[in-house]
Structure formats: C-alpha cells, structure tokens
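This report walks through one protein structure, from a single side-chain contact out to the whole chain. Keep the sequence and the 3D view open while reading.

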Amino acid sequence: MLHRGGVPSDAFLISIGNNVIMAAGIEFVTHDIFYNMLNYDEKYKGLTKFYPHFEPITIKDNVCIGGFVKIMPGVTINSKCYCCRRKRCDQRCTGRRCGWR
C-alpha cells in the first residue's frame, strides 16, 4: 500500500506505463492482511487455513488517475483510461473510465 508521503510496501507488484498522470493521495493496495485475523480468531479457526492474497497492479500507457483513488489488488488499467477522484478502483478498466464502486 502507498502511504501518504511514503513508498509502496510491495512496489515490485506495481507496473506503471508511459505518460501516466497521477494526482496526490493515491493508494496502491497489492495485498490484504485479513488472513492473519481469520487464522487466529476463535470464530474462524477451525474452518480452513487462510493464506495471504497478493496480486499485481498494472497501469498501462496514457492513463490519468485522480486524487485519493484507491487501486485494489489485481487491477489492470488499460491505455487511455481515467479514474475519477476519491474512488475505489477494483475492476479491470477496458473502456474510457476505470471500474469502481
């Protein structure tokens, strides 16, 4: 994850193309930590063994990302797409706008 003013903890999982414009406050989330909670919580302990989830983030050429966008694991933003500010990008972008909820 990219912390404000910091460096992504898993930068090797982030690929950024040419001519990409990024505003301030963007978060790259390349993994989750819920497996840790689920493995040690008595409520979930006997169900199954949970494992960490890591996926790369790919941003292709000619992309614009607005401020305070959160890009989730496994997202690919294709060429000539844009992500509006303060959104969560959690789907593959194939058109002009990035998928979010």
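With which side chain does the side chain of Thr30 make a polar contact? The partner is the side chain of Asp10, at 3.1 Å. The model is a predicted one, and the distances and areas in this report are computed from it.

**Around Asp10, Thr30 and His31**

Thr30 sits in the loop that links β3 (27–28) to β4 (31–32). Its relative accessibility is 1%, and because buried means under 20%, Thr30 counts as buried. His31 belongs to strand β4. With a relative accessible area of 22%, His31 is partly exposed.

The side chain of His31 also makes a polar contact with that of Asp10, at 2.8 Å. A further polar contact, at 3.4 Å, joins the side chains of His31 and Thr30. The side chain of Asp10 is therefore a partner of Thr30 and of His31, and these two residues also contact one another through their side chains. Elsewhere along the chain, Pro56 is 25 residues from His31, and the C-alpha atoms of the two are separated by 8.7 Å.

**The elements of the chain**

The secondary structure consists of one helix and 11 strands. Read from the N terminus, the order is β-β-β-β-α-β-β-β-β-β-β-β, with the helix between β4 and β5.

**Two open sheets**

One open sheet has three strands in the order β1-β6-β9, with parallel pairing. Strands β1 and β9 (76–77) are at its edges; each has a single partner strand, so one side of each has no neighbour in the sheet. Strand β6 (residues 57–59) pairs with β9 in the parallel sense over two bridges. In this pairing, Thr58 stands opposite Thr76 of β9.

Another open sheet also has three strands, in the order β2-β7-β10, and its pairing is parallel. Its edges are β2 and β10 (82–83), each with a single partner strand, so one side of each is left without a neighbour in the sheet. Strands β2 and β7 run parallel and are joined by two bridges. The bridge partner of Ile21 in β7 is Cys64. As a general point, strands of a sheet pair through backbone hydrogen bonds, either parallel or antiparallel.

**The nonpolar core**

Which residues of the largest nonpolar core touch the most other members? The core has 14 residues, and those with the most contacts to other members are Phe28, Ile59, Val63, Ile65, Ile71 and Ile77. Leaving out residues up to four places away in sequence, Ile65 touches Ile21, Met22, Ala23, Ile26, Ile59, Ile71, Ile77 and Cys83.

Cys83, one of the residues touched by Ile65, lies in strand β10. Cys83 is buried, at a relative accessible area of 4%. Cys83 and Met22 are 61 residues apart in sequence, while their C-alpha atoms are 9.6 Å apart in space.

**Two asparagines with positive phi**

Most residues other than glycine have a negative phi. The table lists two residues with a positive value.

| Residue | Phi | Loop | Relative accessibility |
|---|---|---|---|
| Asn19 | about 55° | between β1 and β2 (21–22) | 54%, exposed |
| Asn62 | near 60° | between β6 and β7 (64–65) | 36%, partly exposed |

Asn19 counts as exposed because its value of 54% is over the 50% cut-off. Asn62, at 36%, counts as partly exposed.

**The whole protein, and how far to trust the model**

The protein has 101 residues, and 31% of them are buried. Its accessible surface comes to about 6,600 Å², and carbon and sulfur atoms account for 53% of this area. Among contacts between residues at least 6 apart in sequence, 33% join residues at least 24 apart.

The predictor's confidence, pLDDT, has a mean of 79 over the protein, and 76% of the residues reach 70 or more. Where is confidence lowest, and where is it highest? It is lowest in strand β11 (residues 88–89), with a mean of 67, and highest in strand β1 (residues 14–16), with a mean of 94. Strand β1 is also one of the edge strands of the sheet β1-β6-β9.

Technical notes
Residues numbered from 1 in each chain as written. Predicted model: local features only at pLDDT ≥ 70, side-chain atom pairs only at ≥ 80, totals over all residues. Heavy atoms only, no water. pLDDT = per-residue confidence, 0-100. Helix = DSSP H or I, 4+ residues; strand = E, 2+ residues; numbered from the N terminus. Pairing = 2+ DSSP bridges. Buried < 20%, exposed > 50% of the residue type's maximum accessible area, 1.4 Å probe, protein only. Polar contact = N/O pair within 3.5 Å; in protein donor to acceptor, adjacent residues only side chain to side chain. Core = buried A, V, L, I, M, F, W, Y, C linked by side-chain atoms within 4.5 Å. Contact = heavy atoms within 4.5 Å. Areas by Shrake-Rupley, 256 points an atom, 1.4 Å probe, with all protein chains shown as cover.
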